[in-house]
Amino acid sequence: MMPNQKKYPKTYPIDPDNELLLWEKWITIRKEETTKLAKQTRRPPADLVMNLYENVRPDKERKAALEEAKIEQKVGVRDTLWEQPQRLNQRCYCEPVYEVHRTRAEMGRPRKVEHIDVPIHIKAAELGYAGVRHRVQCEHLDREYHQYRERREKELQDRILKIDPFRPEMGTLLVKGINPPPPPKKKPILPDVTGTLDNSLACDNLHAVYALRVNNTIFLKDTPEQNLTYLKQKQKEPWHEYCTSWTYYFNTPVTRAGRGKLYLQNLGTVTIRYCWKKLKKPIPFIPEDEVQMFFFNKNEDILTPGQEKYVFFTFVSEIPGIYKEYWELSLCNICFFDTITDKLVINLLADSKEDYIKTTTAIARLKSEIDIKSIEFDAAQLINEAISKAVAIQPEIYPYKNYFLEAEIFIMKNPVCFYHQTEVAKMKDYYAEMKGDEEWDLSIRSWREQMLRKEFDERMKYYELLRKSHCDLLKPWYEGDDLLVCKYRAVRLLLNQLADQFDSEHDRIYNPAEEAQSKDVYTSIPSRESLHADEPNIDMMRNLYYIKMFEHIGDTLKACAGILSSLDLDRWIEFDFCRT
């Protein structure tokens with residue numbers, strides 16, 4: 001060593017940390033995304049939501065320092081005898097019960113604030129906090145608090161300096177330096193190769209040994225000048241297999257990766273350079289694969305003496321089928337075969353099948369979901385049917401049944417009769433027997449019409465039944481009603497019928513065209529338009545109307561007198577049901 005030459009310390013290689021490399025990659029991606037979003041939103045990167053930096057920690061540290069500076073440091077336990085301690089603590093039974101628990105600041109030893117921050121240079125260069133911030137800060141909301149804080153900090157300046165002696169401006173700091181150089185690659189250890197040479201041969205021939213191991217096969221370049229007994233003994237071992245092609249078969253489900261590896265080792269003293277060449281071997285019934293399914297490192301590479309290397313083959317497919325590829329391991333600087341046709345061939349074959357277990361599980365899950373949905377649908381349908389039947393309005397023969405009682409309906413349709421619940425129920429049963437389970441409309445006229453349609457024997461049988469029931473229905477008795485109420489109800493019904501006859505007679509005389517189909521005697525009366533021209537005809541129509549209504553009024557009065565007398569004498573009116 002020269003006397004003036006400076007002695008440098010010995011350096012050791014340092015491997016880079018994987019987490020730091022990932023952090024550096026994430027910082028690069030984040031900076032690109034920040035710049036892209038800033039261009040799209042036309043705002044500076046500092047105003048993005050992902051870059052909104054708030055000084056929360058410095059504010060908390062400043063507030064904590066001010067709170068600890070305001071604490072009065074007392075001497076002793078308490079100032080006066082009657083002052084109670086702020087907090088009591090007893091760690092164990094052997095210690096006093098009334099021991100005052102005080103913090104470090106109360107005991108006069110406050111902690112010192114440690115500041116942690118990131119320089120602005122790093123934020124702008126790496127995290128992307130670039131640009132001028134245009135965000136509006138609502139400082140007027142905390143104006144009173146800031147004024148109070150500044151005033152108290154000025155009053156307690158001496159105490160704050162003890163608690164927070166270092167309040168640096170982290171934004172002004174800069175980081176200088178460069179990244180450390182990458183560590184040198186580790187050189188593989190040279191294998192121990194022994195060779196026997198004749199004394200007449202030169203020693204330089206030992207440096208030209210070509211030997212390669214592929215899986216369990218060793219290839220040698222045998223020359224007359226060299227006698228490599230060590231490698232030839234390895235070729236005779238039981239694990240050795242002499243072959244020039246290797247087949248890798250993958251049988252994997254869809255979207256599931258399958259892996260295989262090829263072992264390479266340089267057993268010689270010369271670096272071997274190799275590359276990969278794809279071979280085309282058309283096979284019938286199997287089409288050529290256009291999409292790549294086999295993945296491995298297809299780049300040109302070298303094998304230094306003694307180096308071991310694994311070449312990993314990966315197969316993955318999203319479509320079921322049969323796939324194959326043929327590759328040649330071509331050596332660039334040496335050839336271990338005597339003919340050109342001999343090659344090192346790698347056959348990659350694969351069958352991609354459906355995932356039976358996953359498909360079966362999915363089908364079972366789908367079937368269970370369908371069963372659950374069908375059960376829920378059936379249950380909901382049964383509930384809906386029950387609710388609809390419960391709230392639905394059933395169709396009725398008499399729509400006015402909800403507004404009138406059966407007795408009122410019966411009296412309305414049979415004014416000369418009185419309601420008798422037992423007899424009406426019997427007549428309903430007889431009518432259903434005659435008509436065939438059809439409900440009776442409570443009209444004796446319809447009952448009689450249905451009776452007349454029967455044969456003579458049946459007609460006489462039903463006539464006897466009707467006569468007996470009608471005798472009871474003519475009796476003026478109502479449960480809970482007196483005689484005056486019965487008379488009033490009967491007269492009211494007869495007067496209502498008389499009022500209806502007034503309207504019907506008026507329509508017959510003054511509107512004869514509408515009554516032409518009834519074949520009445522008044523159809524021969526001329527029309528109303530022809531009578532307008534002749535005033536005497538109008539008088540004749542009026543006289544006819546008066547005469548007809550006089551007859552109806554007389555009949556109504558006779559009926560009222562007969563019903564009233566029948567009610568007074570408690571007797572009934574004879575009536576012939578067979579009269580047409």
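Let's start with rings. Phe 219, Tyr 242, Trp 246, Phe 336 and Phe 337 are linked by ring pairs into a cluster. Please keep in mind that this is a predicted model. A search of the whole structure turns up 19 aromatic pairs. Take Trp 23 and Trp 26 as one of them: the ring centres are 5.2 Å apart and the planes meet at 35°, so this pair is tilted. Both tryptophans belong to helix α1, residues 18–41, and they sit three residues apart, about one turn of the helix. In general, an α-helix has 3.6 residues a turn, so residues three or four places apart point the same way. Are these two buried or exposed? Trp 23 counts as partly exposed, at 48% relative accessibility, and Trp 26 also counts as partly exposed, at 43%.

Now compare that with Trp 276 and Phe 296. Here the ring centres are 5.2 Å apart and the planes are at 70°, so the pair is edge-to-face. Trp 276 is in strand β7, residues 272–279, while Phe 296 is in the loop between β8 and β9, so the pair ties together parts that are 20 residues apart in sequence. Both Trp 276 and Phe 296 are buried. Phe 296 has another partner, too: the charged end of Lys 298 sits over the ring of Phe 296, 4.5 Å from its centre. You can find a similar arrangement at Tyr 462, where the charged end of Lys 461 sits over the ring, 4.7 Å from its centre.

Let's move along to Phe 295, which you'll find in strand β8, residues 294–295. Phe 295 is partly exposed, with a relative accessible area of 35%. Which residues does Phe 295 touch, not counting residues up to four places away in sequence? They are Phe 312, Phe 313, Thr 314 and Val 316. As for Phe 315, it is 20 residues from Phe 295 in sequence, and the two are 6.4 Å apart in space, C-alpha to C-alpha.

Let me step back to the whole chain. It has 14 helices and 12 strands. Of its 580 residues, 26% are buried. The chain exposes about 43,100 Å², with carbon and sulfur atoms supplying 56% of that area. Among contacts between residues at least 6 apart in sequence, 72% join residues at least 24 apart.

On to charges. Side chains of opposite charge can pair when their charged atoms come close. How many salt bridges does the structure hold? There are 12. In one of them, Arg 62 pairs with Glu 153, and the closest N and O atoms are 2.7 Å apart. This pair links distant parts of the chain, with Arg 62 in helix α2 and Glu 153 in helix α4, 91 residues apart. Arg 62 is partly exposed at a relative accessible area of 26%, whereas Glu 153 is buried at 14%.

A second salt bridge brings together the side chains of Lys 343 and Glu 328, at 4.0 Å, N to O. Again distant parts are linked: Lys 343 lies in the loop between β11 and β12, Glu 328 lies in strand β11, and they are 15 residues apart. Lys 343 is partly exposed, with a relative accessible area of 33%, and Glu 328 counts as buried at 12%.

A third one joins Arg 467 and Glu 464, at 2.7 Å, N to O. These two are three residues apart in helix α11, which means about one helical turn separates them. Arg 467 counts as partly exposed at 35% relative accessibility, and Glu 464 is partly exposed at 31%. There is also a network: salt bridges that share partners join Arg 151, Arg 152 and Glu 155.

Two backbone details next. Most residues other than glycine have a negative phi. Arg 42, which is not a glycine, has a positive phi of about 60°. Arg 42 lies in the loop between α1 and α2, and it counts as exposed at 78% relative accessibility. Thr 255 has a positive phi as well, near 60°. Its place is the loop between β5 and β6, and Thr 255 is exposed, with a relative accessible area of 52%.

Last stop, two helices. In helix α8, residues 406–413, the buried residues are Ala 407, Ile 409, Phe 410 and Ile 411. What covers them includes α9, α10, α11 and α12. Over on the surface, Ile 383, Ile 387 and Val 391 make a nonpolar patch of about 300 Å², and Ile 383 lies in helix α7, residues 356–391.

Technical notes:
Residues numbered from 1 in each chain as written. Predicted model: local features only at pLDDT ≥ 70, side-chain atom pairs only at ≥ 80, totals over all residues. Heavy atoms only, no water. Patch = residues over 30% accessible without salt bridge, like charges linked within 9 Å, V, L, I, M, F, W, Y side chains within 5 Å. Areas by Shrake-Rupley, 256 points an atom, 1.4 Å probe, with all protein chains shown as cover. Helix = DSSP H or I, 4+ residues; strand = E, 2+ residues; numbered from the N terminus. Buried < 20%, exposed > 50% of the residue type's maximum accessible area, 1.4 Å probe, protein only. Contact = heavy atoms within 4.5 Å. Phe/Tyr/Trp six-rings, centres within 6.5 Å; stacked < 30°, edge-to-face > 60°. Lys NZ or Arg CZ within 6 Å of the ring centre and 35° of its normal.
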